[in-house]
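This report looks at the internal cavities of a protein and at what lines them. Please keep the model open while reading.

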Amino acid sequence: MAVPERDVSDDGPDTAVGPALRVASPAGKWVLLTTVLGSSMALLDSTVVNVALPTIGRHLDASLAALQWTVNGYMLSLAGLILLGGSLGDRFGRRRIFVVGVVWFAAASLMCGLAPNVGILIAARVLQGVGGALLTPGSLAIIQASFHPADRARAVGLWSGFGGVGAAVGPFLGGWLVDGPGWRWVFLLNIPAALVCVPVALRHVPESSGPFDASNADSGRAAPRRRFDVLGAVLGAAALALVTYALIGARSSSVPVTAVAGVAAGVAFVRVERRRPDPMMPPDIFASRQFTAVNLVTLCVYAAFGGFFFLTALQLQVVAGYSALQAGTALLPTTALMLLFSARSGELAQRIGPRIPLTVGPLLCATAMLLMLRVGKDASYVADVLPALVVMGLGMVTLVAPLTATVLASVDTGRAGLASGINNAAARAAGLIAVAALPVLTGMGSEAYRSADAFDAAFRRAMPLCAGVLVVGAVLAFTTVRRPAPDCRRPECRTHGSVLAPPLEPGRTSHGTLGPTGPDTPGAGPTP
């Protein structure tokens with residue numbers, strides 16, 4: 001039986017009934033299936049493509065810069081628009097925007113799979129990121145708006161856990177597809193997932209929109225509609241795109257112009273956000289010194305992670321001689337450790353405070369990157385590759401859950417979802433800048449990935465750079481991060497396996513729910 005919809009008309013406030021689904025109910029299981037399928041499409045694409053890059057480069061005769069754009073095109077639109085994506089769901093209906101995002105993502109995936117040249121592939125990857133920005137926050141917001149408060153934490157945990165499994169198996173699955181049916185199936189695999197997800201969502205997922213307004217709780221009226229900060233989203237994405245273009249095309253004569261334009265777009269973004277009544281990224285949220293500090297730590301660690309996983313997938317294949325499947329399988333220990341122990345790491349950080357984990361974690365990851373210097377031609381997996389990736393996994397386990405907890409604890413409870421969205425976008429932006437900058441900083445030529453010697457030399461210059469950025473993050477954490485208040489907001493996504501961004505956390509009001517980018521709700525009480 002289809003679930004009755006809530007009114008999401010655009011010409012007035014919608015009436016809302018409280019979320020009542022239970023996890024164990026058939027309707028609740030359908031909602032979980034839908035949201036896990038949708039978010040897993042985006043999570044898989046963030047990890048599966050790196051393993052396919054050498055094969056894509058050979059088949060499409062692509063330069064290293066084109067491979068960078070294949071990764072960064074997706075990350076660029078996702079990072080630039082993910083905050084706006086949640087707001088669209090609040091306004092037009094969370095299920096509606098989620099379904100649009102899934103269809104959009106699937107169509108872009110089909111375009112990727114059929115791309116006749118690398119230019120079309122890059123354009124399709126940018127479109128994929130737009131779809132990801134619509135469906136990723138939407139899947140979490142649907143859970144928040146659909147489940148009974150007593151079951152909500154469990155539902156979020158299941159969503160996060162199953163999504164983490166998808167992210168963890170991504171490199172292995174990508175390698176199997178590349179060596180088997182071919183690299184195009186890395187993208188075409190999203191089509192059957194979407195064909196299952198969309199009809200299930202339309203039939204079984206209840207519609208909802210708009211954050212519930214506590215001041216109108218008796219009347220059941222939703223909060224007034226907020227304006228979209230489209231200009232802010234465009235300027236933010238433009239700044240990232242122009243800076244990325246300047247870094248990737250560092251040898252081009254147009255670099256000074258694009259670099260200056262990127263900085264100008266960034267300055268304009270800050271000015272617009274300060275002046276708008278409903279900014280996408282409220283500047284006053286950075287008045288919290290703890291929030292600002294932990295986001296600086298985020299920029300450091302996820303810049304290093306983005307560069308590491310981009311280059312390591314290439315190093316294992318180009319230099320060590322691994323097949324795509326072997327390279328993908330080699331990366332499994334890192335994501336498996338995160339999946340198994342992230343919840344326990346969060347519990348430890350609650351007992352001892354976040355400063356030690358946020359200091360030790362980056363230092364462990366820096367050690368892992370230095371251990372990767374042992375990985376060269378004819379490297380032994382057990383003696384050379386595995387120790388580095390295990391230490392890397394232990395470092396990420398140590399720091400990621402406390403990082404998310406510290407972000408949530410550094411702002412008022414009513415802004416926790418917004419804070420999580422900003423932190424997630426910052427991590428993705430840091431990763432794409434690293435992927436753009438590292439080849440320039442290490443002297444990689446446009447054809448470096450075709451030569452084992454050239455790539456190995458650049459890789460050996462890149463790993464110490466990434467390790468140094470992690471050490472900076474550790475020093476920042478040690479000197480700026482403090483123990484949060486005992487009654488602060490705690491993460492609900494306790495199990496995760498993504499290596500390129502911290503998990504999104506839902507926002508919550510005192511009388512209802514909102515997505516990761518919903519409006520502030522002053523006075524909302526602490527979340528248990």
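H5 gives the most to the lining of the largest cavity, supplying 5 residues. H5 spans 149–179 in this predicted model. Three other helices also supply at least two lining residues each: H1 (26–60), H2 (64–92) and H15 (416–441).

How many cavities does a search of the whole structure find? The search gives 6 cavities of 30 Å³ or more. The largest has a volume of about 250 Å³. Its lining holds 21 residues, and the closest to its centre are Leu43, Trp159, Ser498, Pro503 and Leu504. By class, this lining has 10 nonpolar, 10 polar and 1 charged residues.

The second largest cavity has a volume of about 140 Å³. It is lined by 16 residues, of which Ser46, Val71, Met75, Val435 and Leu500 are the closest to its centre. Two or more lining residues come from each of H1, H2, helix H10 (289–319) and H15. The class split here is 9 nonpolar, 5 polar and 2 charged residues.

The two linings by class:

| Cavity | Nonpolar | Polar | Charged |
|---|---|---|---|
| Largest cavity | 10 nonpolar residues | 10 polar residues | 1 charged residue |
| Second largest cavity | 9 nonpolar residues | 5 polar residues | 2 charged residues |

Which helices are worth viewing against both cavities? H1, H2 and H15 each supply at least two residues to the largest cavity's lining, and H1, H2 and H15 are among the elements giving two or more residues to the second largest cavity's lining.

Technical notes. Residues numbered from 1 in each chain as written. Predicted model: local features only at pLDDT ≥ 70, side-chain atom pairs only at ≥ 80, totals over all residues. Heavy atoms only, no water. 1 Å grid on protein atoms, 1.4 Å probe; cavity = no way out; pocket = protein on both sides within 12 Å on 5 of 7 lines; lining within 4 Å. Points joined across faces, edges and corners; volume = space filled by probe spheres on them. Helix = DSSP H or I, 4+ residues; strand = E, 2+ residues; numbered from the N terminus. Nonpolar A, V, L, I, M, F, W, Y, C, P; charged D, E, K, R; others polar.
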